[in-house]
Amino acid sequence: MEQLVEDLTRGNVSQVKFVLTSVVAALAVYQLVLIAVGYGKLRTPLLGSRAASWTHRASGDAIVVLIVLVGLACLSYYGFDDDETLHVVAGTALAVVLAFKIAVIRWWHGLGRLLPYLGIAVFVLLALTWLTTVGGYQGED
């Protein structure tokens, strides 16, 4: 699997990981704006509540796909590196909280009141994972 990741990234694993996690981080900020409009906390003449909520869900699906791809590539290529403990813990916690949030959205509707808290937790863990990725990025050729 390590060789597959190496081949897919053309030997630029760290750089691809950095770019993809940066895209995810930017989309996560977009998610916050969308859900603020969806919940009526932020009003804009350009976007209604229903459209914002639908777009939040659709872009969230794209974020999940990117997180899974980056996480699998990271695990298969780097493993659980002792030097990056905070990154590993944040990434693992992100995967668990994200999976729980998806379960609440898809099946456990009775726990819907937790969605704002789960969303904030996902955002914070994503930001922490991104920050610890950026810290390890050295821009090597």
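1. The side chain of S49 reaches the backbone oxygen of G38, at 2.7 Å. This is a predicted model, so the distance is best read with the confidence values in point 3.

2. S49 sits in helix α3. Outside its neighbours within four places in sequence, S49 is in contact with V37 and G38. G38 is thus the residue whose backbone oxygen the S49 side chain reaches. A36 is 13 residues from S49 in sequence, and the two C-alpha atoms are 8.8 Å apart in space. S49 is partly exposed, with a relative accessible area of 37%.

3. Confidence varies along the protein chain. The mean pLDDT is 81, and 82% of the residues reach 70 or more. Helix α1 (residues 2-8) has the lowest confidence, at a mean of 65. Helix α4 (residues 85-106) has the highest, at 87.

4. How many salt bridges does the count come to? One. The side chains of R106 and D61 form it, at 3.5 Å from N to O. R106 belongs to helix α4 and D61 to helix α3 (residues 49-78), so the pair ties together parts 45 residues apart in sequence. Side chains of opposite charge can pair when their charged atoms come close.

5. Are the partners of this salt bridge buried, exposed or partly exposed? R106 is partly exposed, with a relative accessible area of 39%. D61 is partly exposed too, at 36%.

6. Helix α3 appears in both sets of contacts described here. S49 lies in helix α3, and D61 lies in helix α3 as well.

Notes. Residues numbered from 1 in each chain as written. Predicted model: local features only at pLDDT ≥ 70, side-chain atom pairs only at ≥ 80, totals over all residues. Heavy atoms only, no water. pLDDT = per-residue confidence, 0-100. Helix = DSSP H or I, 4+ residues; strand = E, 2+ residues; numbered from the N terminus. Salt bridge = Lys/Arg side-chain N within 4 Å of Asp/Glu carboxyl O. Buried < 20%, exposed > 50% of the residue type's maximum accessible area, 1.4 Å probe, protein only. Contact = heavy atoms within 4.5 Å. Polar contact = N/O pair within 3.5 Å; in protein donor to acceptor, adjacent residues only side chain to side chain.
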